[in-house]
Amino acid sequence: MISREQVENNQIWLYVVMIGIAAGIGLTWPAFSTTLDCTISFILAILLYGMFTQIPFLRLKEALSNQCFTYALLTVNYLIIPALVWTLTRFLPDHPSLLLGIYLVLLTPCIDYVIVFTHLGKGDEKLILVSTPILFITQMVFLPIYLWIFMGEQAAKIVSIQPFLEAFFGLIVLPLALALVTQLWAKQKPIGEKFLAATAWLPVPFMAITLFVVIASQIGRLYDSFALISQVIPVYMAFMVIVPLLARLIVRMFRLDPESGRALIFSAGTRNSLVVLPFALALPDPMNRLVSAVIVTQTLVELVGELVYVRLIPRVILRDAVMVDKQK
């Protein structure tokens with residue numbers, strides 16, 4: 001019988017295969033792929049619930065105890081990354097949908113498969129795991145602030161509050177509340193503990209299903225708008241090349257040990273496409289199609305980049321031999 005650990009250790013290749021199948025189906029049978037639109041929200045809700053149950057919200061105090069790493073994490077994700085994103089988007093046309101998609105996905109740090117990539121890249125995945133509550137809470141706070149700073153009244157005209165609130169409460173707040181109830185139940189009752197353990201099986205298969213549904217339903221739109229969307233690919237590639245170098249400077253500044261430093265780099269380079277996708281889908285038609293396609297494009301570029309990261313970061317960018325002294 002296949003264990004959960006085996007599934008998790010091979011999940012990256014599962015995602016790659018699923019994306020290939022989804023792209024083939026989406027381009028070959030566009031009529032069928034468009035029928036998948038109505039299933040995205042439901043599948044995303046299950047995925048996010050499964051992800052949130054594995055986030056140690058009840059260990060938030062433990063995450064905050066490592067103040068040096070926490071300060072470095074907040075610095076790189078909410079000062080360095082926004083400055084970089086703003087700079088990179090100066091090379092793009094002033095197209096609201098294009099820019100909104102980039103801002104949504106690049107301004108939000110990943111809280112799910114970044115843990116896997118960190119482990120594969122010889123970083124401290126446990127440190128990332130206990131930091132996920134901080135990342136989730138802070139990105140929900142900082143995202144609207146940066147959208148207002150970068151787009152101003154333009155963002156207010158694009159973003160309709162009611163659909164965004166519906167997406168936020170239906171796909172973020174509700175799964176989060178259920179996950180917190182599940183975690184509290186697990187601390188009080190043995191059956192709750194077993195149920196929580198069972199939910200640990202949800203993220204990988206539902207991540208694969210989500211990728212399939214999203215890619216299959218959006219690939220046609222991406223193909224139709226490729227002339228416009230292709231302009232964001234160099235931005236995403238530049239982001240993945242520059243971020244590890246900037247994050248390495250923050251690692252030295254805060255004198256992090258090698259494993260913590262790699263965890264910081266992976267957090268900086270891995271973005272939260274699936275969590276912000278509901279916000280894109282909540283936009284009015286046809287804007288939601290283009291913004292969603294921009295976000296999906298980032299996912300495709302990122303998965304390829306992460307496969308490079310897991311080899312390059314521990315061997316070249318942040319080797320043990322070239323690290324500064326550990327924090328005293």
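1. Before anything else, a cavity here is a set of grid points where a 1.4 Å probe fits but cannot get out, and its lining residues have an atom within 4 Å of a point. With that in hand, the largest cavity in this predicted model is lined by L211, V214, I215, S273, L274, L277, I295, V296 and T299. The elements giving two or more residues to that lining are α13 (203-224), α17 (273-281) and α18 (287-317). The volume comes to about 50 Å³, and searching the whole structure turns up 1 cavity of 30 Å³ or more.

2. Now for the open space. The largest pocket has a volume of about 910 Å³. There are 32 residues in its lining, and R4, E8, Q54, I115 and L129 are the ones nearest the centre. Plenty of helices take part: α1 (4-9), α2 (11-28), α4 (37-54), α8, α9, α11 (161-188), α12 (190-199) and α13 each supply at least two lining residues. Note that α13 turns up in this list and also among the contributors to the cavity lining.

3. Have a look at helix α7, residues 96-106. Of its 11 residues, 10 are buried, so the helix is largely enclosed by the rest of the structure. The buried set is S97, L98, L99, L100, G101, I102, Y103, L104, V105 and L106.

4. Just ahead of that helix, L92 sits in the loop between α6 (67-89) and α7. L92 counts as buried because its relative accessible area is 13%, which is under the 20% cut-off. Setting aside residues up to four places away in sequence, L92 touches L99, I102, Q231, V232 and V235. Two of those partners, L99 and I102, are themselves buried residues of α7. As for distance, L92 and T70 are 22 residues apart in sequence, yet their C-alpha atoms are 33 Å apart in space.

5. Two buried residues are worth checking for their contacts. T118 belongs to helix α8 and is buried, with a relative accessible area of 0%. Beyond its neighbours within four places in sequence, T118 is in contact with G123, D124, E125, I128, A263 and F266. S267 is in helix α16 and is also buried, at 1% relative accessible area. Not counting residues up to four places away, S267 touches L73, N77, P109, V114, I128 and L135. I128 appears both among the contacts of T118 and among those of S267.

6. A backbone point: which residues other than glycine have a positive phi? K122 is one, with phi of about 60°, and R255 is another, with phi near 55°. These deserve a glance because most residues other than glycine have a negative phi. K122 is in the loop between α8 (114-120) and α9 (125-151), while R255 lies in the loop between α15 (233-253) and α16 (258-269). K122 is exposed, with a relative accessible area of 54%, whereas R255 is partly exposed, at 46%.

7. On the surface, I'd point you to a nonpolar patch formed by I137, V141, I145, W148 and I149, with about 520 Å² of accessible area together. I137 lies in helix α9 and is partly exposed, with a relative accessible area of 43%. The numbering is suggestive too: in an α-helix there are 3.6 residues a turn, so residues three or four places apart point the same way.

8. Next, A282, which is found in the loop between α17 and α18. Buried or exposed? A282 is buried, with a relative accessible area of 17%; the cut-off for buried is under 20%. The C-alpha atoms of A282 and N9 are separated by 33 Å, and the two residues are 273 residues apart along the chain.

9. Last one: R221, in helix α13. Leaving aside neighbours within four places in sequence, R221 is in contact with D37 and R289. R221 and C38 are 183 residues apart in sequence, with their C-alpha atoms 16 Å apart in space.

Definitions and conventions: Residues numbered from 1 in each chain as written. Predicted model: local features only at pLDDT ≥ 70, side-chain atom pairs only at ≥ 80, totals over all residues. Heavy atoms only, no water. Helix = DSSP H or I, 4+ residues; strand = E, 2+ residues; numbered from the N terminus. Buried < 20%, exposed > 50% of the residue type's maximum accessible area, 1.4 Å probe, protein only. Contact = heavy atoms within 4.5 Å. Patch = residues over 30% accessible without salt bridge, like charges linked within 9 Å, V, L, I, M, F, W, Y side chains within 5 Å. Areas by Shrake-Rupley, 256 points an atom, 1.4 Å probe, with all protein chains shown as cover. Salt bridge = Lys/Arg side-chain N within 4 Å of Asp/Glu carboxyl O. 1 Å grid on protein atoms, 1.4 Å probe; cavity = no way out; pocket = protein on both sides within 12 Å on 5 of 7 lines; lining within 4 Å. Points joined across faces, edges and corners; volume = space filled by probe spheres on them.
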